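Visitor: Before we begin, may I see the structure that we are to discuss? I should like to ask how its descriptions are justified.

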Amino acid sequence: MHTSTTDSAAFKSAGREQWEQAAAGWDAYSPQIRGWLEPATRAMLAMAGVVAGARVLDVAAGAGDQTLDIARCVGPAGYVLATDYSPAILALAREKFSQAGLRQVQTQVAEGEALGLAASGFDAAVCRLGLMFFPDPTQGLREMHRALRPGGTACTLVLSQPQSNPCIGILMSTALRHAGLPPADPYRPGGLLSLGKPGLIGELFVAAGFRDVATTAVDAPFRLPSARHYLDFIRTSASPIQQILGRLPADARQRAWAEMEERLTVFQTPDGWAGPNELLLTAGRR
Ligand SMILES: C[S@@+](CC[C@H](N)C(=O)[O-])C[C@H]1O[C@@H](n2cnc3c(N)ncnc32)[C@H](O)[C@@H]1O
């Protein structure tokens, strides 16, 4: 989807570096992320057919939160391979698996678009909130397809369209305006909402060779005590907002964060802050 191989390689290397830096921050938010994504994760595992004894590939596994669920679901007779292109975030995942005594999990540093796992006969493959960052998501899906046994199922979870994920629009538009930059295309390749265009992810599954492709939208409000907590999460994760604001002097950056907080307070409720989010679960069979 990127214009050239060089662009794509540079984009990927910058992304990996960001995740290397953000690994500890993302991991520190694991309890909140777990709460936010719990119902969607359960649905993803069900749609992928993750059952006791299954062999499961977890792509862009990050700090391994969903991998823990998969490992418990497949049990000691099953097997899980957790892959990610960031060695730092995968090291945190490994620590978690070893602390939990889950010996059925292995990790492998690998780019999602070049897993090199053809004919490895996995029963299921999942990718939670990773595929939208890939410069070439169709190639990522092809790699998942190749790793599955015939009849095996892949299921991915990505963010949907901009109007259903308004916090991202607020963050982006505020950051760009403060940085003196023009509005960005929300569907630009590799961006948070790049696979949210209605119908797109299903088409990519089909292009990668999957059959029986189906997409379901899931409501997933992110519940936190306040908008400030959400911004703290954004500040510690590998978000494009940091890059945009990184070029500004400290006081200008502070003004941008303050405006974001004010705008995001619209989602404050008597029971805390609830940022609306919609996710897309897509499954397909090899
Ligand atoms: C938002 S985190 C999600 C992590 C985990 N799946 C979760 O839901 O907690 C995105 C992850 O995708 C990984 N990632 C992004 N682009 C990738 C690529 N091209 N190949 C492999 N991993 C990638 C990042 O390193 C990061 O760990």
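Visitor: In this predicted model, which residues of α6 are buried, and what makes a residue count as buried?

Guide: The buried residues of α6 are C167, I168, I170, L171, M172, T174, A175 and L176. The word applies when the relative accessible area is under 20%.

Visitor: Against which elements do the buried residues of α6 pack?

Guide: They pack against two strands, β5 (148-159) and β9 (272-275), and against the helices α8 (227-236), α9 (240-246) and α10 (250-264).

Visitor: How do you know that the span of α6 is close to the expected one?

Guide: Helix α6 covers residues 166-178, which makes 13 residues. At 1.5 Å a residue, 18 Å is expected, and the distance from the first C-alpha to the last is 18 Å. Just after this helix, G180 has a positive phi of about 70°.

Visitor: Why is helix α3 called largely enclosed?

Guide: Helix α3 (residues 65-74) has 10 residues, and seven of them are buried, so the rest of the structure largely encloses it. The buried residues are D65, Q66, T67, L68, I70, A71 and V74. Their packing partners are α2 (30-48), β1 (55-58), β2 (79-84), α4 (87-99), β3 (105-109) and β4 (122-128). After α3 comes G75, with a positive phi near 70°.

Visitor: Why is E113 called buried?

Guide: The relative accessible area of E113 is 8%, and the cut-off is under 20%; E113 is therefore buried. This residue is located in the loop between β3 and β4. Leaving aside neighbours within four places in sequence, its contacts are K12, F134, P135, D136, Q139, G140 and E143.

Visitor: Which residues are closest to the ligand, and what kinds of residue form the shell around it?

Guide: The ligand is surrounded by 18 residues, the closest being A60, Q66, D84, G112 and R128. The shell consists of 10 nonpolar, four polar and four charged residues.

Visitor: What makes the approach of D84 to the ligand a polar contact?

Guide: A polar contact is a pair of N or O atoms within 3.5 Å. A polar side-chain atom of D84 is 2.6 Å from an oxygen atom of the ligand, so the pair meets that limit. Likewise, a backbone N or O atom of A60 is 2.8 Å from a ligand nitrogen atom, and an N or O atom in the side chain of W26 is 3.2 Å from a ligand oxygen atom. Of the 590 Å² of accessible area that the ligand has on its own, the protein covers 99%.

Note on methods:
Residues numbered from 1 in each chain as written. Predicted model: local features only at pLDDT ≥ 70, side-chain atom pairs only at ≥ 80, totals over all residues. Heavy atoms only, no water. Helix = DSSP H or I, 4+ residues; strand = E, 2+ residues; numbered from the N terminus. Expected span 1.5 Å × (residues − 1). Buried < 20%, exposed > 50% of the residue type's maximum accessible area, 1.4 Å probe, protein only. Contact = heavy atoms within 4.5 Å. Near = heavy atom within 4 Å. Polar contact = N/O pair within 3.5 Å; in protein donor to acceptor, adjacent residues only side chain to side chain. Areas by Shrake-Rupley, 256 points an atom, 1.4 Å probe, with all protein chains shown as cover. Nonpolar A, V, L, I, M, F, W, Y, C, P; charged D, E, K, R; others polar.
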